[in-house]
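Student: I'd like to go through some of the labels people put on a structure and see what backs them up. Can we take them one at a time?

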Amino acid sequence: MHYERLDSPRPRPWVRRSTQSCALCALVALLVCIAQFCSPHGVKPPSLLPLAREVGAAAISTRSGGDGGNGSTADRPSAVCLNPVVSAASFRINKAGEATVADATEETELSGWHLVQVTDMQRHGDRWLYRHDNIGNVCWPGQLNSSDDQIAAQCDYERSSMWQHFNHQADPYAAPLAGECDARQITLGGLRHSQTLGKVLSKEYGTHGRHPLRGLNKDGCVPGYVSLASDAVQKNEWTAEEVFTGLCGWAPDLDDFPAASVLVDGRPSDGAPFWLQPGVCGGRELAALSAEAVAAQQSMTAWADEARDLAGKVAALTGQLVPKEVAEYRPFLSSIIDCAVCHACLGLDDVPRGLLNADGSLDHSGVFGRMDRMETAGVLWPYKYFKSRNESAFRRYAQLEYGYYFVVLVDRMQTVVDSIKRTGHATGPVIFIQVMSDTNLSPQLFMLGLEEEAAVRPQWLATLITELWTRGEGPNAEFAVRILYNGRIMRPCPGQRGALCPWVAFRALLARYAPRQTDCPAFYDNYNLTSSFMP
């Protein structure tokens, strides 16, 4: 796909279009202009762009009488809505979703080790609804929509990302009005939350962080030390921009991050991060396995009965008709989940009471929780189905459907291992920020054996972080991996008890999902291995 280079600098979204004529907004525009014209290689003060955003946020609050676009996830943070790492502004989170720090045992284990590489695989920020034609784009009778003042303020900004133009399209939920939000548009609250996540990462990995990475200096990120990848969708692209800005202190630049090397546009091509999307291998075998899994699910009487019962309860709560066909149950539940999450988490007070708890939040122990778990189980069904058959069948499906992503992850880490053993120094980017969706995170969690975490849909800005650590020098250097999901240590390796998994064990865990080159030419013909790892 050819991407047109967008003009730079461009207005940032923190200033509403309706207020750009005011004197305060003129100051915002000047600050943004200065911040974006000055090169990060030269004299650009990294604080100017955040300052422009703060002034812009104040302009929004002053003009709208609102909260500056933070939305209810800022006022009433919920683990159903938002990654608690963001709501608590803390890299580490305990089981209760509260800020914490590493305990003494973990600090002792990490003593003598040095962090050399990080991959942040994450979901996008807070957004408006998808289109759901299966429910006629009507969540429930009397639904509110993006014509409502609160939501309109959340979407009233220049939508285009630094990589693509995005023109306003009418909100189908607001018909016959046009509404303010596009389908899937990230909100101003989502932008702020994304930048907060970047700041949390900076506090952990920056120069003065707990575990600093080279190149993430106090004056900003050294070019080439940060890698960005994003689904080619507005909500994802803006999330990537704002996470980078929070991490580095200024917005990314097109010269350092051209669209062709950042965006996942659905087509395998050399240099593009196409391997972040599932199903790349394609072919008859994968199609046959997928069809087998679908047929098996729809023929299961117990699953159909449970889905029918739940769909009936949800339909009664939302004024919908119960789907007639078994194949329609999961799409129906998925649509209502999207409605409930976007309305409740963005502060619209019209969600049916039967989906809420006594505090007015989405009830994960009630009907909403049942919906969430069943719909997420539907996303993972092929993996679960083949795993129930045998390990070989599971591994074969996983290899073809998404295993090549783990080839990329192993290859980038092995490249650092090879370089340190050979030269004593690491090479390449030190942090990879990859912004995709819940349907990308859930399979990865399941394939890593983190089935409890995989059972629930990842929240907005959910993060699966993979860290590579080293100690020692040259050929005798040792390596290990630490995995964190939403601020909590995960232990995917067999027999793992501490925070670190030996590199050899982690590499073996991922390598089993590597498809053969003859089975996945679409991947291997367009991805260049850079390490000694041989799938």
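**Labels and the values behind them**

Tutor: Sure, and keep in mind that this is a predicted model. Start with helix α10 (residues 283-298) and helix α13 (residues 367-389), which pack at an angle of about 95° with their axes 10 Å apart.

Student: Why is α10 called roughly perpendicular to α13?

Tutor: The angle is about 95°, and 65 to 115 degrees counts as roughly perpendicular, so α10 gets that label relative to α13.

Student: Which residues make that contact?

Tutor: From α10 you have Leu 289, Glu 292, Ala 293, Val 294, Ala 296 and Gln 297. On the α13 side there are Gly 378, Trp 381, Pro 382, Tyr 385, Phe 386 and Arg 389. Sorted by type, the contact of α10 with α13 has 8 nonpolar, 2 polar and 2 charged residues.

Student: What makes α12 and α13 oblique to each other?

Tutor: Helix α12 (residues 329-345) packs with α13 at an angle of about 125°, and their axes are 9 Å apart. Roughly perpendicular covers 65 to 115 degrees and roughly antiparallel needs over 145. An angle of about 125° fits neither of those, so the pair is oblique. The crossing of α12 past α13 is left-handed.

Student: Which residues of α12 and α13 meet?

Tutor: In α12, they are Arg 330, Leu 333, Ser 334, Ile 336, Ile 337, Ala 340 and Val 341. Their partners in α13 are Phe 368, Met 371, Asp 372, Met 374, Glu 375, Gly 378 and Val 379. By type, that contact splits into 9 nonpolar, 2 polar and 3 charged residues.

Student: On to the loops. Why is Arg 184 called partly exposed?

Tutor: Its relative accessible area is 32%. Buried means under 20% and exposed means over 50%, so Arg 184 ends up partly exposed. Arg 184 sits in the loop between α6 and α7, and its phi is near 70°, a positive value in a residue other than glycine.

Student: What else is in that loop?

Tutor: Pro 176 is in the loop between α6 (149-155) and α7 (188-205). The peptide bond leading from Ala 175 to Pro 176 is cis, with omega near 10°.

Student: How do you know whether Leu 461 is buried or exposed?

Tutor: The relative accessible area of Leu 461 is 0%. The cut-off for buried is under 20%, so Leu 461 is buried. Leu 461 lies in the loop between α16 (451-454) and β9 (463-471). Although Leu 461 is not a glycine, it has a positive phi of about 65°.

Key. Residues numbered from 1 in each chain as written. Predicted model: local features only at pLDDT ≥ 70, side-chain atom pairs only at ≥ 80, totals over all residues. Heavy atoms only, no water. Axes fitted to C-alpha atoms, helices over the stretch in contact; angles between N-to-C directions. Helix = DSSP H or I, 4+ residues; strand = E, 2+ residues; numbered from the N terminus. Parallel < 35°, antiparallel > 145°, perpendicular 65-115°, else oblique. Contact = heavy atoms within 4.5 Å. Nonpolar A, V, L, I, M, F, W, Y, C, P; charged D, E, K, R; others polar. Left-handed = near helix turned anticlockwise from the far one by under 90°. Buried < 20%, exposed > 50% of the residue type's maximum accessible area, 1.4 Å probe, protein only.
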